[in-house]
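These are my notebook entries on what I looked up in the structure, set down in the order in which I went through it.

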Amino acid sequence: MSVQPPNGSSNAFVWPEEGLNAVPDWLYTSDEIYQRELERIFYGPTWNYVALEAEIPNHGDYKRSWVGEAPVIVTRGADGNVHVVENRCAHRGAEFCRSLTGNSKEFICPYHQWTYDLDGSLRAVPFRRGVKGKGGMPADFKLSEHGLRKLRVATRNGVVFASYADHVEPLDQYIGPEILKDFDTLFDGRPLKILGYWRNTLYGNWKLYHENLKDPYHATLLHTFLVTFGLMKAGQKSAMIADPLGRHGTMASAKGDEEEGVDQKAVNKEMRKMIELELEDGRVVGFVPEFKSPWTVTMQTIWPNFITQRELNTLGVRHIVPRGPDSIDMYWTMFGYADDTEEMTKLRLCQSNLMGPAGFLGIEDNEAIKWVQEGARRSVTEKGLTLLGGRDEGTSDTLITEAAVRSMYRYYRGVMGL
Amino acid sequence: MTALRNVVPRLEERWALRLEIEEFHVAYAQAIDAGEITRWPDFFTDDALYRVTGRDNADRGLPLGLLYCDGKKMMRDRVQATLRTTTFEPRFLRHYISNLSIDEVRAEGAIKARANYLVVQTLMEEKTELFQAGHYQDTFVRRDGRLLLRERHCVYDSLTIPNALIYPI
């Protein structure tokens, strides 16, 4: 195999002979693979996260969002329903909606003032009949045939998903019962209260973010803070749950719930970075039980662009927007519940120091993903190793495995024809 | 917006206050830029609120912070976590603080002020980048004759952070 597959030749993409125990570098660096991913995954029969309903509570509310690289607008129409339309004028293709959020009765593309309803239907075209009988649209032009491109929409307990595909399975089947269990713990139907947003550019391929959250091994080693305060630790009651297809995942752990028969001293010895540290203000790692769940942390990856986070009492979602093979924009929305006390809101805000572009853990994931991308892009060696846990795939009750990464790539290879 | 001339009519007092706050900004920036972030909490009162947040949050009154420290203890914890537990690539930061505006001097001595900032980041093998443009929304108080921050909101216009924010702004 050559170091770099020749441009335009699909035949160069030969998966390493180790099968799922290796990942080839071209997965992360190839433009051709990336274009195929957009087409078959992000614009294919998948449900992509686009918004929380709490962001668009009123008629006429809208929000700019993304499916894959494609700009979309999520709206709440006059009928009260949520619509997702492509942010591209049907006329000349202008990405016309430029505000992050807003409220409006209609969308007007500023270029030629084509006017659309919030569900994307074209309502008016200026000078449609021309002036003094000259110009204008042909007589057979129908407004109904030139609306904004509409995406399929599905919601579950206030979370909005969209799909470009005409045929995609119902959302609950798509996510599946194994993953819905913890999804519904976080989104139990209670109204949400948005606490704010973060955005960052990560200098790595979008799949590395999925891998990161399907690789519980790293959590116990990279994140000294996590281990030091027992938020996730080898030997603690934990699970890496995958759906049967292997595309979604839940990484779960229970703080302070150590498994029987585990020699904690031996566990600590394995971790070179264990340190003694006491916090002066314990709120950042304090936990106020509020969920009917054995887990104090669940991090879920919902294929292909969505992550849910429940880490102690800090709650949020992450939206992956791929920007080519080498980088992603990550849009973070942090929230609580509408009925939270002031004290609980404060706790969530204090614990938000754990995650995000400046989070004690977030920083390290961002850095590690960049370093893996650079390894894939720059060095001569051409594949990485996913041997932890042998050939096991899917759900596992130990953190020391890459079983969920392997099951994700089994599914991915099928979709991608690799 | 009130000009400082109206807030502090006497020229000598105005000079003195401006100088004092500008010297505060210089010392604050120097501590962070020199990598001496253990000194960073010393610029705050014990009960101070420190928050770095995007302008999209600030404009909508959303309380989230990229860094959110409720009190000096939490600031010291942030420093310890950064220095002792957090893995990241070495980098240099440089703060440029300007356009100081003193908006209000309250009877009890609290001073509301703003200033623009630019933070420039240099990773060892990469070109220097403009990391963040924003402004400070500050509330100063005087303790033992010395100005301290009781509240600092670092509100950034550059909504998309390049990878990660490690050190305080």
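I began with A:R98 and A:E95, whose side chains meet in a salt bridge at 3.9 Å from N to O; the model is a predicted one, and I read this distance with that in mind. I noted that A:R98 is exposed, with a relative accessible area of 61%, whereas A:E95 is partly exposed at 27%.

Next I looked up A:E106 and A:R123, which form a salt bridge with an N to O distance of 2.1 Å. This pair links distant parts of the chain, 17 residues apart, with A:E106 in the loop between strand 6 (101-103) and strand 7 (107-108) of chain A and A:R123 in strand 9 (residues 122-124) of chain A. I recorded both residues as partly exposed, A:E106 at 25% relative accessibility and A:R123 at 40%.

In chain B, I found B:R18 and B:E22 joined by a salt bridge of 3.4 Å, N to O. The two residues are separated by about one helical turn, because they lie four residues apart in helix 2 (residues 11-33) of chain B. For accessibility I wrote down 29% for B:R18, partly exposed, and 35% for B:E22, likewise partly exposed.

I then turned to the count, which comes to 36 salt bridges over all chains, and to a network of salt bridges that links A:D281, A:R283, A:K346 and B:D70.

For disulfides I searched the whole structure and found zero over all chains. The sulfur of A:C89 has its closest cysteine sulfur in A:C109, but at 3.9 Å this is too far for a bond, because a disulfide needs the two sulfur atoms within 2.5 Å. B:C154 is in no disulfide either, and the nearest cysteine sulfur, that of B:C69, is 10 Å away. Both A:C89, at 2% relative accessibility, and B:C154, at 0%, count as buried.

On the surface I noted a nonpolar patch of about 220 Å², made by A:Y217, A:L221 and A:I400. Of these residues I placed A:L221 in the loop between helix 6 (216-219) and helix 7 (224-228) of chain A, and I recorded A:L221 as partly exposed, with a relative accessible area of 34%.

Last, I checked the confidence of chain A, where the mean pLDDT is 93 and 96% of the residues reach 70 or more. Over residues 5-9 of chain A, however, the pLDDT is below 50, and beyond near neighbours in sequence this stretch has six contacts in the model.

Terms used:
Residues are numbered from 1 along each chain as its sequence is written. Chains are lettered from A and ligands numbered from 1 in the order in which they are written. This is a predicted model: local features need pLDDT of at least 70, side-chain atom pairs count only at pLDDT 80 or more; totals for chains, interfaces and linings use all residues. Side-chain values use heavy atoms; hydrogens and water are left out. pLDDT is the predictor's confidence in each residue, from 0 to 100. Contact means heavy atoms within 4.5 Å. Patches are made of residues with over 30% relative accessible area and no salt bridge: like charges are joined within 9 Å, nonpolar side chains (Val, Leu, Ile, Met, Phe, Trp, Tyr) within 5 Å. Accessible areas come from the Shrake-Rupley method with a 1.4 Å probe; for residues, only the protein chains shown count as cover. A salt bridge is a side-chain nitrogen of Lys or Arg within 4 Å of a carboxyl oxygen of Asp or Glu. Buried means under 20% relative accessible area, exposed over 50%, partly exposed in between (1.4 Å probe, protein chains only).
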